[in-house]
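Reader: I would like a close look at one part of this model, with the contacts spelled out. Please keep to what can be read from the coordinates.

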Amino acid sequence: MTSDTTVTQTITLSTREDETWWRQAAVYQIYPRSFADFDGDGIGDLKGITARVPYLAELGIDAVWLSPFYPSALADGGYDVADYRDVDPRIGTLADFDELVTALHAANIRVVVDIVPNHSSDQHAWFQAALAAGRGSAERGRYIFRDGRGEGGELPPSDWVSMFGGPAWTRVADGQWYLHTFATEQPDFNWDAREVRDDFLATLRFWADRGVDGFRVDVAHLLVKDLPAELPSQAEIDAMDAASGSHPLLDRDDVHEVYAEWRALFDSYDPPRTAVAEAHVSNPERRARYASATGLGQAFNFDLMGADFDAAQFRAIVTDNLAQADLTGSSSTWVFSNHDATRHATRYGLPPARGTGKKAGTAWMLAGAPREELDIEGGLRRARAATMFLLGLPGSAYLYQGEELGLHEVGVIPRDRRQDPAYLRCADTREWSFDGLGRDGCRVPLPWRSEGPSFGFGPRGAHLPQPAWFAQYSVEAEDADPASTLNLYRRALDLRHRLQSAERLEWVETSAPEVLHYRRPNGWEIVTNFGAAAVALPAGRIVLATEPVTDLLPGETTVWLAP
Ligand code: BGC
């Protein structure tokens, strides 16, 4: 470790109980099934993560966000939760979880867990009880059951389409139908039921008591619904104003009554627990409600995910989001990649129309791409420059496992190995927004070593097939290469602790429109050349560069200048 790292750790230790740790944290998302497999069953596990805590500490992140690790039939990669207060036996035990939290905290890394409140798994005890208890029962009242249309109720209550394609209603044995916004195996809860609200409060308390520092709230905008007796059609729903606060299905004003209760619970802890909303809403003002201090406190901003590698787009998005953060008192969030999106090295290696989100609100559901269409080197060069631009910004940075290796999306996965319901439900019909290869390509288990079974992911195979080219992106290979993306991330995350200061930036005007230059209040400067041609290098002490620089700033390159 360098002396810079030592300085960083001292700072972190002295602010351990700081209530504002999250405001400018670098949060690393772990998709547990694909991170590291300790027991050799092909599925990543908690012991695998614990064994890699030294790796996470050396990377220099401030927190990890664990995607769901709860018992699940894996109809949607774990976002179909069968028991909110336990660990999937394939992933470990509660004792393994406690051990992981202890190890992460000892390394000054905070822990954020994913909460999935809109729907459970159809294997959840409550849903099984609802099926058994029959129509009109209190058990059915925890979910959204309706009688069908048509003489014998044989038609679904409405023509609604699920987010993963196909109908949003499924019929059960006694003829009633239940609503599922996502896959058939993910029945939506009825958030009007007090019992549902109380049960989630108990779940949040359960994990907060185990030492969890914060929560990532899945599809936070969908929980509360207001369904009239006569249901509108899908076309009518689509034509409704999603920003009205009274839309029947999404982003309703009254969903914030739920989060006010959650906030009271979070604030009863010392330090208060944090939360970040995944809320796909129609405008910044609507997003701000989730980020409010009386609500969840922070909300994901996915705007950069939908942007091209383009100076004007980046500048407008940053300016807007910092202005919003000022208004809400929250800090801004920045993200390029997660478990739902094509990896950004690949997005930036595709022609713009294939590489970016085309539909408002669905930028996160980007299409995958076969490898032959890809500018592999260019995509990674742009991704490195973009990420170093992002890591200098005020606010929190959310990073996704594998991006620190510069991993590309895995485009080629045989159909019979694919797992993503968004792919499987849409692949034939190409309906709705999943018109590509789905989300498996960013969920392929990580390569830790350059050879051996599953590239060191575990002692045996991996639950999704890894391509041969993973070898050159392995942790082992990159660790040994000073110019690797891994070492670039390590250096940047280390420096970032000193770069971060007051949550502001000042744009420095440049002579070239394709160059963005900003200065933080403590004098650190970030300069990104989004163009292809080299430009004059700004004056200053360069402490980080994404490509070798001489007396010019090459195209598609970012540099950091220290005061
Ligand atoms: C998660 C997805 C999941 C969906 C349904 C999303 O927001 O990030 O991975 O499929 O919610 O739970």
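Which of the 13 residues around the ligand come nearest? Please take the ligand site in detail, and then add what can be said about other parts of the chain.

Author: The model is a predicted one. Among the 13 residues around the ligand, those that come nearest are D76, D218, E278, H339 and D340. Sorted by class, this shell consists of 7 charged, 4 nonpolar and 2 polar residues.

Polar side-chain atoms approach oxygen atoms of the ligand from several residues. For D340, the distance from a polar side-chain atom to a ligand oxygen is 2.5 Å. For R439, an N or O atom of the side chain is 3.0 Å from an oxygen atom of the ligand. For R216, a polar side-chain atom lies 3.1 Å from a ligand oxygen. The ligand taken alone exposes 310 Å², and the protein buries 100% of that area.

D340 deserves a separate description. This residue sits in the loop that runs between β9 (333-335) and α11 (344-347). Its relative accessibility is 4%, and because buried means under 20%, D340 counts as buried. Besides the ligand oxygen at 2.5 Å, the side chain of D340 has polar contacts within the protein. One is with the side chain of H339, at 3.4 Å, and H339 is itself listed with the residues that come nearest to the ligand. Another is with the side chain of R443, at 3.2 Å.

Next, a helix. In α9 (residues 284-291), the buried residues are R286, R287, Y290 and A291. Viewed down the helix axis, they fall within an arc of 150°, so they line one face of α9. The buried residues of α9 pack against α8 (255-267), β8 (274-277) and α10 (311-328). At the start of α9, a side-chain oxygen of N283 comes to within 3.0 Å of the backbone nitrogen of E285.

Last, a loop residue. Q500 is found between α16 (485-499) and β11 (506-507), in the connecting loop. With a relative accessible area of 14%, Q500 is buried. Leaving aside residues up to four places away in sequence, Q500 touches Q24, L391, L393, P394, G395, R520 and N522. With R520, one of these, Q500 shares a side-chain polar contact of 2.6 Å. The C-alpha atoms of Q500 and W524 are 8.6 Å apart, although 24 residues separate the two along the chain.

Note on methods: Residues numbered from 1 in each chain as written. Predicted model: local features only at pLDDT ≥ 70, side-chain atom pairs only at ≥ 80, totals over all residues. Heavy atoms only, no water. Helix = DSSP H or I, 4+ residues; strand = E, 2+ residues; numbered from the N terminus. Buried < 20%, exposed > 50% of the residue type's maximum accessible area, 1.4 Å probe, protein only. Polar contact = N/O pair within 3.5 Å; in protein donor to acceptor, adjacent residues only side chain to side chain. Near = heavy atom within 4 Å. Areas by Shrake-Rupley, 256 points an atom, 1.4 Å probe, with all protein chains shown as cover. Nonpolar A, V, L, I, M, F, W, Y, C, P; charged D, E, K, R; others polar. Arc of directions from axis to C-beta. Contact = heavy atoms within 4.5 Å.
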